[in-house]
Amino acid sequence: MEEAISEAGMQDLEQTLQPPTREQIEEKVDAVFPKRVSGKPSFRSNQRGLCVDAVDAVFNHGFRAVAIDAPVGCGKSVVNFTIAANLGRAVYITAQKSL
């Protein structure tokens, strides 16, 4: 027997299926970024924008993969952690065995 979904239930379902807005992505990036000072995220130059852009590219622009090519010491590991935490899963590939 089929059950009817109420109009309110249908609206809730539609909101759940909507990709996150850029503002929602920014909030989640801030919430999960691991480096913190006094409880607030402590980003290095461009880290926040890189995280937000990568997550937005996957959720809102149809990208299936994101590659990050950045210099040593820029904080790629925390950026990758943040992106993975926002996407739910990720693969991290590096040319160095030490990571």
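Which residues does Ala-54 touch, not counting residues up to four places away in sequence? Hold on to that one for a moment, everybody, and let me set the scene.

What we have on the screen is a predicted model, so please listen with that in mind. The protein chain has 4 helices and 2 strands. If you read along the sequence, the pattern goes α-α-β-β-α-α. Of its 99 residues, 17% count as buried. Now look at contacts in the chain with a separation of 6 or more: residues 24 or more positions apart account for 60% of them.

Back to the opening question. Ala-54 touches Val-66 and Ile-83, leaving aside residues up to four places away in sequence. Ala-54 itself sits in helix α3. With a relative accessibility of 5%, Ala-54 counts as buried, because the cut-off for buried is under 20%. As for Val-66, its C-alpha atom is 6.4 Å from that of Ala-54, and the two residues are 12 apart along the chain.

Keep Val-66 in view, since we meet this residue again in the largest pocket, among the residues that lie nearest the centre. The others in that central group are Asn-80, Val-91, Tyr-92 and Ile-93. In total, 26 residues line the largest pocket. Two elements give two or more residues to that lining, and they are α3, residues 47-61, and α4, residues 76-87. The largest share comes from α4, with 6 residues. And the volume? For the largest pocket, that is about 920 Å³.

For those of you who think in side-chain chemistry, here is the lining of the largest pocket by class: 17 nonpolar residues, 6 polar and 3 charged.

Let's stay with helix α4 a little longer and pick out Asn-86, which is found there. Is Asn-86 buried or exposed? Asn-86 is buried, at a relative accessible area of 9%. Setting aside residues up to four places away in sequence, Asn-86 touches Ile-25, Lys-28, Val-29, Val-32, Val-55 and Phe-59. If you have the model open, that is a nice residue to click on.

Next, the aromatic rings. The structure holds 1 aromatic pair. The partners are Phe-33 and Phe-43, with ring centres 4.1 Å apart and planes at 40 degrees, so we call the pair tilted. Why tilted? Planes under 30 degrees apart would count as stacked and over 60 as edge-to-face, and the rest are tilted. Where do the two rings sit? Phe-33 is in the loop between α2, residues 22-32, and β1, residues 36-37, while Phe-43 is in the loop between β2, residues 40-41, and α3, so the pair ties together parts that are 10 residues apart in sequence. The two partners fall into separate burial classes: Phe-33 is buried, with a relative accessible area of 1%, whereas Phe-43 is partly exposed, at 22%.

Last stop, the cysteines, for anyone wondering about disulfides. How many disulfides does the count come to? The count comes to 0 disulfides. Cys-51 is buried, with a relative accessible area of 0%. Cys-74, on the other hand, counts as partly exposed, at 25% relative accessibility.

So, to take one thing home: Val-66 touches Ala-54, and Val-66 also lies among the residues nearest the centre of the largest pocket. Thanks for listening, and I'm happy to turn the model around for anyone who wants another look.

Conventions
Residues numbered from 1 in each chain as written. Predicted model: local features only at pLDDT ≥ 70, side-chain atom pairs only at ≥ 80, totals over all residues. Heavy atoms only, no water. 1 Å grid on protein atoms, 1.4 Å probe; cavity = no way out; pocket = protein on both sides within 12 Å on 5 of 7 lines; lining within 4 Å. Points joined across faces, edges and corners; volume = space filled by probe spheres on them. Nonpolar A, V, L, I, M, F, W, Y, C, P; charged D, E, K, R; others polar. Phe/Tyr/Trp six-rings, centres within 6.5 Å; stacked < 30°, edge-to-face > 60°. Buried < 20%, exposed > 50% of the residue type's maximum accessible area, 1.4 Å probe, protein only. Disulfide = S-S within 2.5 Å. Contact = heavy atoms within 4.5 Å.
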